[in-house]
Amino acid sequence: MRFASLGSGSEGNALVVEVGDTRILIDCGFRVRDTVARLLRLGVTPDSVSAILVTHEHADHIGGVAAFAARYRIPVWLTFGTLEMASERIGRLPHVFGFDSHDAFAVGMIEVRPFPVPHDAREPVQFVVGDGAHRLGVLTDIGGTTPHVEASLTGCDALVLECNHDLGMLEGSDYPWPLKQRIAGRFGHLHNEAAAALLGAIDTSRLQHLVAAHLSQQNNTPERARGALSKAMNCAPDWIGIADQHDGFAWRGL
Ligand SMILES: [Zn+2]
Ligand SMILES: [Zn+2]
């Protein structure tokens, strides 16, 4: 099993996970041309993608899904709530599968376990995906953790974990007050210290990869995200990966 990022942040997100010849995208927030270019730099041809899983209806996650899925005839999986919000574009596709945010399913060789998250969307989820031996947990776009989120992510072999903002940088930024409230709120985004606290609440003993994701380009820096997570893990800062907006991150194997 291996995974890589096409890019991560408020301008677009997509993660590719591969087990055998099954290849899934989790979210696709990039235009078709960008998605293809970003896949090709990872050595993936677009028509080899088996399915796209969507976390929620925000444009940085779903914006590129309909066009890419239509162009390459790729099945799309999303919660019934997300489907309702995106039905105009996604509903027209020939292969759309709704799922319940608590029900596991499989795509080819990949086991998929969704779990609901507090975020300001209709029925947002994040995923733990695995090959039967190893599990990758993905968690972005979450206002704050819950016992169910922690139970879902405990014992994973790899984590892609939101470090959206540094609380002090957000407070000091020139963002309008309502936007600051939205980002820092219960249904907004996870800040560095909250991500670090989450690591303290789960079993990380199997963790081989930890990648900070969905970093704000205005209100965070890779150094601050690495600093918070490495302190929680008691590891060297450069062990923590960064999912960059433009470059994502290269393949990591389990
Ligand atoms: Zn997002
Ligand atoms: Zn979102």
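The site of the zinc ion (ligand 2) is irregular, with angles of 93 to 168° among its four donor atoms; four donors would count as tetrahedral if all angles lay between 85 and 135 degrees, or as square planar if opposite donors were over 155 degrees apart and all others between 65 and 115. This is a predicted model, in which local features need pLDDT of at least 70 and side-chain atom pairs count only at pLDDT 80 or more, while totals for chains, interfaces and linings use all residues. Residues are numbered from 1 along each chain as its sequence is written, ligands are numbered from 1 in the order in which they are written, and side-chain values use heavy atoms, leaving out hydrogens and water.

The coordinating atoms, at 2.2 to 2.4 Å, are donors in the sense of N, O and S atoms within 2.8 Å of the metal (3.2 Å for Na, K and Ca).

| Residue | Donor atom |
|---|---|
| His56 | NE2 |
| His58 | ND1 |
| His119 | NE2 |
| Asp141 | OD |

Their spacing in sequence reads H-x1-H-x60-H-x21-D. Asp141 also bridges to the zinc ion (ligand 1), which lies 3.6 Å from the zinc ion (ligand 2). Asp141 counts as buried because its relative accessibility is 1%, buried meaning under 20% relative accessible area with a 1.4 Å probe, protein chains only.

Now to the empty space. The whole structure holds one cavity of 30 Å³ or more, a cavity being a set of points on a 1 Å grid over the protein atoms alone where a 1.4 Å probe fits but cannot get out. Its volume, the space filled by probe spheres set on the points, is about 140 Å³. Among the 17 residues lining the largest cavity (those with an atom within 4 Å of a point), Ser8, Asn13, Leu15, Val138 and Thr140 are the closest to its centre.

Technical notes:
Four donors count as tetrahedral if all angles lie between 85 and 135 degrees; four count as square planar and six as octahedral if opposite donors are over 155 degrees apart and all others between 65 and 115; anything else is irregular. Buried means under 20% relative accessible area, exposed over 50%, partly exposed in between (1.4 Å probe, protein chains only). On a 1 Å grid over the protein atoms alone, a cavity is a set of points where a 1.4 Å probe fits but cannot get out, and a pocket is an open set with protein on both sides within 12 Å along at least five of seven lines; lining residues have an atom within 4 Å of a point.
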